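I opened this notebook to record what I looked up on salt bridges and on one helix. The entries follow the order in which I consulted the structure.

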Amino acid sequence: MPRRLVPLTLLAVLLSAPAFAELQPPAGYHAPVGQRDGKAPACSAPPQPYTGELQFTSKYAGSDSARATLNRNAEKNFRKQTEGITRLEKEAGRLITGYMRTGQRERLECAIEWLDHWASADALESEQYNHTGKSMRKWALGSLAGAWLRLKFSESQPLADYPQQSERIEAWFVRLAEHTVREWSDLPLKKINNHSYWAAWSVMAVAVIGDRRDLFDWSVGQFRIAAGQVDDEGFLDNEMRRRQRALAYHNYALPPLAMIAAFAQANGVDLRGENHGALQRLAERVLQGARDPGAFAQRTGSRQDMEELRKKFKYAWLAPYCTLYVCNEQTRELNQEMGPFNSFRLGGEVTQVFGGGG
C-alpha cells in the first residue's frame, strides 16, 4: 500500500507551530503603568552583590528537631549575614511597585540598575551552600522575579527601552531557577515542606518570565507533591512537626501554593482538584485555626504561637486564592479587612494584581 504524503504546506505549518502557547501570568500582570504627578526619590547605590558562599546561620540554631524555638543571637547573625540580599529584595520590589503606581521613570531605571548590577556579578550563584543558604537563594528569586513579572508583562511595555539590561537580568533569573530546581528536587517526602513550596513559586515566576515550559512543569509537579501531603482534615504532617508554630507554618505554606495554582490556571492547568481539593482543604483548615487554634494544639500537644497570625500581610495568599475559588462571605471579609496585601516575597502588590478576589 503506498504511503500517504503530507502536503508540504501542511508540513510547514506543523513544523513551525509552537508545541505550547507562550506562558502567561494571570491577567492582572498585564495592567498598564499608572501615572501620577510628583518627583521620584533619588536612586541610592545598590547593595554590594553577594557573590560569596551561601553559608548562613539558621535562626533556629540550637533548637530541637521541631525547629520552632527562635535563637535570638542566631537570628541577629542571620540578619547581618543576609542584610544585602534582603535589602535588594525589598528595595527593588518597592521601586518596581512605585514605578507601576506613578510611572516615574527614575524608579524604573533605579530598579533596573540595581538588578543589572547583581545579575552582571553572577550574584547568589555559589555552589557552596547550606540549607539556609539555598533557602535564601530561592526566597530572593521569588521576590525579585515576582516583582519583575509586572514590568515584563505590562501592556505599557516599560522594558522596551532596556533590552540589554533586561536580557542580562532575565538570564540571571533563569540561572538561579536552574540552581533552585537542582537543590529542591528528589527530596524524601519527610523533608518536603514549605521550603519546597516557596522554591516552586520562585521557579514558576521565572518559568513565565522566560517562557520555560520545563520550569513550569517542575513547579506544577512540586505543587502536586504538596497537595498529596494534605491529609483528609487539611493538615500537613511535616508542618505539624513545628509544634507551637504548626499553625503559623501551615499559613506560611499557603502563599506559594496559591500563587502556583493561579499561574497554572492562567496557562490552562487546573490544580484545584489535586488530591480531592487539597488546596481548599488546607486553606479552610488554616482559616478555622486562625479563629480557634484548638485543633492544632490538640494534634501537636502544644499551645499555638499566634504572633505570626496577627500580621496582616501573612494572609496575602487570600488575593490569588479568592480568584481560584468563590470565597464565602467570612473569607471575603477577611480578605478586605487584612488587605490590600503587599508582600515582597510574592513580588509586591498582590491585591492590586489579583483585583481583590471574590
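**Salt bridges and a helix core**

Entry 1. I looked up R94 and found its side chain in a salt bridge with E91, with 2.5 Å between the closest N and O atoms. The model I am reading is predicted. Both residues belong to helix α3 (residues 83–102), and because they are 3 residues apart there, about one helical turn separates R94 from E91. I then checked the accessibility of E91: at 29% relative accessibility, E91 counts as partly exposed.

Entry 2. I turned next to D116. Which residue does the side chain of D116 meet in a salt bridge? I found R168 as the partner, at 2.8 Å from N to O. This pair links distant parts of the chain, since D116 lies in helix α4 (residues 105–120) and R168 in helix α6 (residues 163–184), 52 residues apart. Is D116 buried or exposed? Its relative accessible area is 11%, under the 20% cut-off, so I recorded D116 as buried. For R168 I noted 37% relative accessibility, which means that R168 counts as partly exposed.

Entry 3. I followed helix α6 to R175, which forms a salt bridge with D122; the closest N and O atoms are 3.0 Å apart. Here too the pair links distant parts of the chain: R175 sits in helix α6, D122 in the loop between α4 and α5 (131–153), and their positions lie 53 residues apart in numbering. I recorded R175 as partly exposed at 28% relative accessibility. D122 is likewise partly exposed, with a relative accessible area of 41%.

Entry 4. I looked for salt bridges that share partners and noted that R72, E75 and R79 are joined by them into one network. For the whole model, I recorded a count of 22 salt bridges.

Entry 5. I then examined helix α11 (residues 278–291). Why should this helix span 20 Å? It has 14 residues, and the expected span is 1.5 Å times one less than that number, so 20 Å is expected. The end C-alpha atoms of α11 are 20 Å apart, which agrees.

Entry 6. Which residues of α11 are buried? I listed A278, L279, R281, L282, A283, R285, V286, L287 and G289. I also looked up what covers these buried residues, and the cover includes α8 (213–229), α10 (246–266), α12 (294–300), α13 (318–324) and α14 (329–338).

Notes. Residues are numbered from 1 along each chain as its sequence is written. This is a predicted model: local features need pLDDT of at least 70, side-chain atom pairs count only at pLDDT 80 or more; totals for chains, interfaces and linings use all residues. Side-chain values use heavy atoms; hydrogens and water are left out. Helices (H or I, at least four residues) and strands (E, at least two) are DSSP runs, numbered from the N terminus. Buried means under 20% relative accessible area, exposed over 50%, partly exposed in between (1.4 Å probe, protein chains only). Contact means heavy atoms within 4.5 Å. A salt bridge is a side-chain nitrogen of Lys or Arg within 4 Å of a carboxyl oxygen of Asp or Glu.
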